[in-house]
Amino acid sequence: FLTRSSSNIMADSHLVMCGSPADGICRRAAQTALHLLAEQHPTDEVKLIDVAALNMSWCVGCNRCKDLGRCFMRDDMDEVIATLLRASSLSVVAPVYFAGPPAPYKALLDRLQPLFWNRVHNAGRTDVHRSARLLVVGQGGDPHGFDPLVVCTRSALAVAGFSLDVVEACIGQDAEEILRRVPAWIGCSHDKIADEVQGGFSYGC
């Protein structure tokens with residue numbers, strides 16, 4: 001079965017995840033976070049998972065992972081789960097779609113089901129609590145907010161041993177303001193925006 005004990009975790013490994021299917025401001029924010037974390041922690045491993053680029057199917061609800069200890073499907077989620085289990089911190093940038101997560105990001109969260117069964121087999125014990133952050137990006141105008149996105153993220157990441165400690169909402173803000181808020185969101189000590197993400201882009205989240 002999959003494990004997430006302290007011996008699996010790289011002490012200095014920072015993971016950034018972009019949950020957007022679009023090539024827009026979420027990807028730029030994730031790239032900015034990646035650059036700043038690498039600059040802040042030059043000797044640490046810093047890695048980006050771009051959900052839109054994954055070869056990944058959705059959970060079919062078969063519960064075979066309950067007995068197998070892993071999903072029966074062999075795709076990019078194998079490496080995603082292994083990377084999550086190794087990471088010491090996680091920063092997720094995700095757009096809000098009708099108050100919730102976009103389909104590819106929700107599919108990734110659902111595919112963490114093997115970690116749920118791992119937790120059940122270990123009598124609910126969580127050996128490691130690691131910090132996760134979520135940057136919520138939306139164009140605004142939805143009266144139903146974005147709580148479902150936050151709850152789905154918090155619930156799924158919990159089975160991987162992450163505690164969603166920071167939720168930063170960037171709703172109805174322009175790209176410049178969103179990028180300006182990235183350093184404080186990831187806990188960096190300056191507000192420099194990464195040079196390599198200054199080019200043009202579509203505002204699509």
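# A walk from helix H1 across the sheet

Start by selecting Arg-27, which sits in helix H1 (residues 25-40). Helices here are DSSP runs of H or I with at least four residues, strands are DSSP runs of E with at least two, and both are numbered from the N terminus. What you have open is a predicted model, so local features need pLDDT of at least 70 and side-chain atom pairs count only at pLDDT 80 or more, while totals for chains, interfaces and linings use all residues. Residues are numbered from 1 along each chain as its sequence is written, and side-chain values use heavy atoms, with hydrogens and water left out.

**Stop 1: around Arg-27**

Is Arg-27 buried or exposed? Arg-27 is buried, at a relative accessible area of 12%. Buried means under 20% relative accessible area, exposed means over 50%, and partly exposed is in between (1.4 Å probe, protein chains only).

Now add Asp-23 and Asp-50 to the selection: together with Arg-27 they are linked in a network of salt bridges. A salt bridge here is a side-chain nitrogen of Lys or Arg within 4 Å of a carboxyl oxygen of Asp or Glu. The side chains of Arg-27 and Asp-23 also share a polar contact of 3.4 Å. That term stands for a pair of N or O atoms within 3.5 Å; within protein, one must be able to donate a hydrogen and the other to accept it, and residues adjacent in sequence count only if both atoms are side-chain atoms.

Setting aside neighbours within four places in sequence, show what Arg-27 is in contact with: Cys-18, Ser-20, Ala-22, Asp-50 and Ala-52. Contact means heavy atoms within 4.5 Å.

**Stop 2: the sheet**

Switch to a cartoon view and look for five strands in an open sheet, ordered S2-S1-S3-S4-S5, with parallel pairing. Strand S2 (45-50) and S5 are at the edges with a single partner strand each, so one side of each has no neighbour in the sheet. On average, neighbouring strands are turned by 15° against each other, direction ignored. Axes for such angles are lines fitted to C-alpha atoms, for helices over the stretch in contact, and angles run from 0 to 180 degrees between N-to-C directions.

Two strands count as paired if DSSP finds at least two bridges between them. Go through the pairs one at a time:

- Strand S1 (residues 13-18) and S2 pair in the parallel sense over six bridges; select Val-16 and you will find Leu-48 of S2 opposite.
- S1 and S3 have five bridges, again in the parallel sense, and His-14 stands opposite Ser-89 in S3.
- S3 and S4 are parallel too, over seven bridges, with Ser-91 opposite Arg-133 in S4.
- Strand S4 (residues 130-138) and strand S5 (residues 162-171) are parallel over nine bridges, and Val-137 faces Cys-170 in S5.

Stay on S3 for a moment. How many of its seven residues are buried? The count is seven of seven. Ser-89, Ser-91, Val-93 and Pro-95 point one way from S3, while Leu-90, Val-92 and Ala-94 point the other way.

**Stop 3: helices beside the strands**

Select helix H6 (residues 147-158), which joins S4 and S5 in a right-handed β-α-β unit. Right-handed means that, with the strands pointing away from the viewer, the path from the first strand over the helix to the second runs clockwise.

Then pick Ile-186 in helix H7. Ile-186 is buried, at a relative accessible area of 4%. Leaving out residues up to four places away in sequence, Ile-186 touches Ala-33, Leu-36, Leu-37, Ser-91 and Arg-133. Ile-186 and Ser-91 are 95 residues apart along the chain, yet their C-alpha atoms are separated by 7.1 Å.

**Stop 4: more salt bridges**

The count of salt bridges comes to 10. Side chains of opposite charge can pair when their charged atoms come close. Try these:

- Asp-75 and Arg-111, with closest N and O atoms 2.9 Å apart. Asp-75 is in the loop between helix H2 (65-68) and helix H3 (77-86), and Arg-111 in the loop between helix H4 (103-110) and helix H5 (113-121). Asp-75 is buried at 14%, and Arg-111 is buried at 3%.
- Asp-78 and Arg-74, at 2.6 Å between the closest N and O atoms. Asp-78 is partly exposed at 34%, and Arg-74 is partly exposed at 45%.
- Glu-176 and Arg-180, at 2.7 Å between the closest N and O atoms. Both lie in helix H7 (residues 175-186), four residues apart, about one turn of the helix.
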